[in-house]
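Biologist: I would like a close look at one part of this model, namely its charged side-chain pairs. Please add a word on helix packing afterwards.

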Amino acid sequence: MRHIRDDEDWESIMRRRAPRALRSKKQGGAPGFLVWNKAEHAWLAASEPERLSALLAGTAAPMAEHEEGILAAKRSVEDAIEHLSRIGVTHVRTDLSWANWSWDQGRRWASWCIKRYAERFSVLPCLTYTPPNLGMCRRTNAPPMQPVSYAEFVADAIGSLGHCFEEVELWNEWNLDTDWDLLLDPDYWILSRMLAEGAIVARHYGKRTVFGGCAGTDDPTLTNLSRLAGRGLMRCFDVVGFHGLRGTWGDRKPAPSIPSQLRAVRGSLFVPITRAELLRDAIVRDAHHASAPVREILLAGCSRVTEPVLRMPSIWLTEYGFPVSGAGTERSDEELEDIQAALFAYATYLMRSRQVERVYWYTLGDLPPGTQTIRGLLTDWNDDLQLSYGIISVERKQRRLGRLLAEGGADRVLSALCAEGKLPLVDAASLGRILPADYVTNNENRHRA
């Protein structure tokens, strides 16, 4: 199969290939959705475990304001499930927070969410966020004091919820300081040990392992990915993810095509294994701090870091989307909605033409203004664009992409955008937004400085 050239004209491509893509309706031939589920910690902490279980089971009426909040969070999950089912979604990617899992009420909330989604969809849980009490500092982006504690979490989560999923994603956006603090792990050695150990445990339980997606594929990120691959880390993973969000503050010029980025990621993994012995030795040392079952799994499985493999990991686009926000640009809401729909059609085409196995769309619904994000908590800088990636606005209004999906799923989006000749809008997704005065860089640690 001939791949797309970076300079190829989209209109001619789609006139030639879209009919074939439209005919391909195999399972998985449309993007899944990312649905990150959060309930206020104050609500969960104020609820007794038994009361929380009763609320989630629907066997108790709320007795306090925080319990009303829990039920509102539950309703938002149920609404998402119903909406995604109606538009034909088959896969969802969602968080399984280690920070939540480390305390009883948070564990109950996380378990309920995973189980509910698993009733309707194929679920990819992303195991991320360090419990503050286990980190090198009290933040969810801090490396854990004992890297092997992450493997114990992986074993515990799979032991409790493994019947709900076949694949598990380990960490998220490791190249952004909101998710991994490079000031505390500047060469990614702690990350390497932690994720290798988690992946060995996950594979022991028969799960397909996904290396958490990096945010973007800029040169420094690809260099660091090669560094991790050179340690043998990717020999523990079946899939490597990357994120290609468009229309952000940092999206200052037209981005490389997704096929080009796929090739770049794959090329970064195809490097000589030069430090695998060091990683294996670190895993052996860490194993002695683990509980007995996890210790035996690690000692038996750490040879996978250095053993030859017959195939490279698959590459997935685990976050792809576009913020329908006029901030920093003079484009109309209608134009922005057309760009969002064009990107979704492009993602569908890439899957149907087998250039990428899986894509997860970011996301279903907007967040209300003023919503506190992880970035805001860690950096005191809130990115308003983060709140407006949904196909449904905060006022519950369907954007164009949402309306097309409701009419006929991904087939309808692809056929409509092809018929209107709007697929070239993919190239307009890099808006070159005028940066806000308090924006510094995508390296969020500098906001803290």
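How many salt bridges does a search of the whole structure find?

Modeller: The model is a predicted one, and a search through the whole of it finds 23 salt bridges. As background, side chains of opposite charge can pair when their charged atoms come close.

Take Glu119 and Arg116 to begin with. Their side chains form a salt bridge, with 2.3 Å from N to O. The two partners sit in unlike surroundings: Glu119 has a relative accessibility of 57% and counts as exposed, because the cut-off for that class is over 50%. Arg116 has a relative accessible area of 14% and is buried, because that class takes in values under 20%.

In another pair, Asp251 and Arg246, the side chains meet in a salt bridge at 3.3 Å, N to O. Here both Asp251 and Arg246 are buried.

A further pair is Lys422 with Asp338, a salt bridge in which the closest N and O atoms are 2.9 Å apart. Lys422 belongs to the loop between helix H15 (400–419) and helix H16 (445–448), while Asp338 belongs to helix H13 (residues 333–352), so this salt bridge ties together parts that are 84 residues apart in sequence. Lys422 is partly exposed, at a relative accessible area of 24%, whereas Asp338 is buried, at 9%. Salt bridges can also share partners: in this way Glu167, Arg208, Glu357 and Arg358 are joined into one network.

Now to helix packing. In helix H12 (residues 292–301), the residues Val294, Ile297, Leu298 and Gly301 are buried. These four cover an arc of only 95 degrees around the axis, and therefore lie on the same side of H12. The buried residues of H12 pack against three helices: H7 (148–161), H8 (189–204) and H11 (276–287).

Helix H10 (residues 258–269) offers a polar residue to consider, Ser268. Ser268 has a relative accessible area of 7% and is buried, because this value is under 20%. Leaving aside residues up to four places away in sequence, Ser268 touches Leu222, Leu225, Ser226 and Ala229.

To return to the charged pairs, burial takes several forms among those described. Asp251 and Arg246 are both buried, Arg116 is buried while its partner Glu119 is exposed, and Asp338 is buried while its partner Lys422 is partly exposed.

Methods. Residues are numbered from 1 along each chain as its sequence is written. This is a predicted model: local features need pLDDT of at least 70, side-chain atom pairs count only at pLDDT 80 or more; totals for chains, interfaces and linings use all residues. Side-chain values use heavy atoms; hydrogens and water are left out. Helices (H or I, at least four residues) and strands (E, at least two) are DSSP runs, numbered from the N terminus. Buried means under 20% relative accessible area, exposed over 50%, partly exposed in between (1.4 Å probe, protein chains only). Contact means heavy atoms within 4.5 Å. The arc is that of the directions from the helix axis to the C-beta atoms. A salt bridge is a side-chain nitrogen of Lys or Arg within 4 Å of a carboxyl oxygen of Asp or Glu.
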